[in-house]
Amino acid sequence: MSTSASFPEGSAASEGPGTDPTVIDRLVKANQEYASGFSDPGMDARPVLKVAVVACMDARLDLHDALGLALGDCHTIRNAGGVVTDDVIRSLTISQRALGTQSVILIHHTNCGLESLTEDFRHEIEDEVGQRPSWAVEAFRDVDQDVRQSMQRVRTSPFLLHTGDVRGFVFDVTTGLLREIDPA
């Protein structure tokens with residue numbers, strides 16, 4: 001798909017490696033416009049609200065708007081499904097131990113792509129490229145149960161200092177509302 005209509009001929013974005021600008025060219029151009037009016041907000045890396053948000057990477061979730069967050073309020077950790085993996089625990093550990101967060105909010109959502117995958121996805125990749133991925137797909141059929149499992153993984157991690165304020169939710173992609181999941 002060509003995005004040449006988005007860029008004037010001769011602009012920095014149209015001078016990328018190919019003949020047509022790419023999506024990345026568009027993003028870099030947007031960053032240049034953003035940076036032209038940018039001023040250092042004077043913040044450090046410690047989130048003002050001392051909260052870490054773990055959520056799915058789904059493009060339909062605008063976490064800052066959905067949660068009323070401003071720049072600097074939280075750490076945001078996103079992956080496919082918003083599942084708590086070893087790497088999420090790594091990020092939460094750094095967030096808590098080095099940067100002062102104390103609360104964790106987990107957000108999965110309705111109509112998640114992981115509900116239609118299985119671990120067979122790894123086998124398909126192995127068949128295609130000749131090597132099985134070292135990571136698990138972490139697919140699930142029941143979003144509520146997966147939120148419970150993610151809460152349990154956070155609450156039982158020996159690496160995390162603060163596991164008392166961990167709550168999980170399902171974001172409804174059609175209404176924008178969060179539905180809290182009972183951990184029991």
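## Glutamate 138

Glutamate 138 sits in the loop between helix 4 (120–129) and helix 5 (143–155). The model is predicted. Glutamate 138 has a positive phi of about 65°, although it is not a glycine. Most residues other than glycine have a negative phi.

Is glutamate 138 buried or exposed? Its relative accessibility is 19%, so it counts as buried, the cut-off being under 20%. Glutamate 138 also helps line the largest pocket.

## The largest pocket

The volume of this pocket is about 210 Å³. Its lining includes Trp135, Ala136 and Val137, together with Glu138. Asn79, Ala80, Val83 and Thr85 also contribute, as do Leu114 and Leu117.

By class, seven of the lining residues are nonpolar, two are polar and one is charged. Glu138 is the charged one, because Glu counts as charged while Asn, Thr, Ala, Val, Leu and Trp do not.

## Lysine 50

Lysine 50 is another non-glycine residue with a positive phi, here about 55°. It lies in the loop between helix 1 (23–36) and strand 1 (51–56). Lysine 50 has a relative accessible area of 40%, so it is partly exposed.

## The aromatic pair

How many aromatic pairs does the structure hold? There is one. Tyrosine 34 and phenylalanine 38 form it, with 5.4 Å centre to centre. Their planes are 45° apart, and the pair is tilted. That label follows because 45° is neither under 30 degrees, which would be stacked, nor over 60, which would be edge-to-face.

Phenylalanine 38 is partly exposed, at 44% relative accessible area.

Conventions
Residues numbered from 1 in each chain as written. Predicted model: local features only at pLDDT ≥ 70, side-chain atom pairs only at ≥ 80, totals over all residues. Heavy atoms only, no water. 1 Å grid on protein atoms, 1.4 Å probe; cavity = no way out; pocket = protein on both sides within 12 Å on 5 of 7 lines; lining within 4 Å. Points joined across faces, edges and corners; volume = space filled by probe spheres on them. Phe/Tyr/Trp six-rings, centres within 6.5 Å; stacked < 30°, edge-to-face > 60°. Buried < 20%, exposed > 50% of the residue type's maximum accessible area, 1.4 Å probe, protein only. Helix = DSSP H or I, 4+ residues; strand = E, 2+ residues; numbered from the N terminus.
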